[in-house]
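Please look over the sequence and the structure shown below before reading on. The report that follows describes strand pairing, charged pairs, unusual backbone angles and the nonpolar core.

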Amino acid sequence: MKKNVCITIKSTQTVDEEKDTTELFTFGAMEQFDGGFRLHYDESEATGFEGSSVTLEVSDNMVTMTRSGKVISSLFIEKGKKHHCHYGTEFGDFMIGVCTDEIRNELKSTGGDVYLRYTLDINSSYMSENEMHINVKECN
């Protein structure tokens, strides 16, 4: 059963010791599936991906982010593994390496938190260290 939820995503990207933090608040939907939770929300002009939607599938060891619509991306964030993923932008598509250090999944049927810490590279060249905190609350 899908529930209406309020989703807050706080991301911090560190490049050469400079940190850039962004925060997104949006409305979406959450549903439980075998082994985890699925979150869905529409992108906005604020994210630069207006016209696209995002689905996050969250389990204890892996988070999959799929963006569809105007631009298409798939990121696989799996603890202890590196994945090469397709990442689309309005300027073009490229392959990105995702190496995950930590995933903490504290989602329950009423909401909760997800914490991710991972490194990104492009063509095997270091790009950034990243932290993401996702908070989900039921809302009407």
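## Salt bridges and strands

A search of the whole structure finds 9 salt bridges, a salt bridge being a side-chain nitrogen of Lys or Arg within 4 Å of a carboxyl oxygen of Asp or Glu. This is a predicted model, in which local features need pLDDT of at least 70 and side-chain atom pairs count only at pLDDT 80 or more, while totals for chains, interfaces and linings use all residues. Residues are numbered from 1 along each chain as its sequence is written, and side-chain values use heavy atoms, with hydrogens and water left out.

Three of the pairs are listed here.

| Pair | N to O distance |
|---|---|
| Glutamate 57 and arginine 38 | 2.9 Å |
| Lysine 81 and glutamate 78 | 3.7 Å |
| Aspartate 101 and arginine 117 | 3.6 Å |

Aspartate 101 in strand β8 (residues 92-105) and arginine 117 in strand β9 are 16 residues apart, so that pair links distant parts of the chain; strands are DSSP runs (E, at least two residues), numbered from the N terminus. Asp101 and Arg117 also belong, with Glu102 and Arg104, to a network of salt bridges. Glutamate 78 is buried, with a relative accessible area of 17%, whereas lysine 81 is partly exposed at 45%; buried means under 20% relative accessible area, exposed over 50% and partly exposed in between, with a 1.4 Å probe and protein chains only.

Strand β1 (residues 3-15) runs antiparallel to strand β2 (residues 18-33), and 13 bridges join them, where two strands pair if DSSP finds at least two bridges between them. These two strands form a hairpin with 2 residues between them, and threonine 14 stands opposite lysine 19 in β2. In the turn, aspartate 16 has a positive phi of about 50° although it is not a glycine, and at 68% relative accessibility aspartate 16 counts as exposed. β2 also pairs with strand β3 (residues 36-42) in the antiparallel sense, over 6 bridges, and in that hairpin the turn holds glycine 35, with a positive phi of about 100°.

The largest nonpolar core has 28 residues, and those with the most contacts inside it are Leu56, Val98, Leu116 and Ile134; such a core is a set of buried Ala, Val, Leu, Ile, Met, Phe, Trp, Tyr and Cys residues joined through side-chain atoms within 4.5 Å. Its largest share, 4 residues, comes from strand β9 (residues 111-122). Leaving aside neighbours within four places in sequence, valine 98 is in contact with residues including Leu75, Ile77, Cys85 and Leu120, contact meaning heavy atoms within 4.5 Å.
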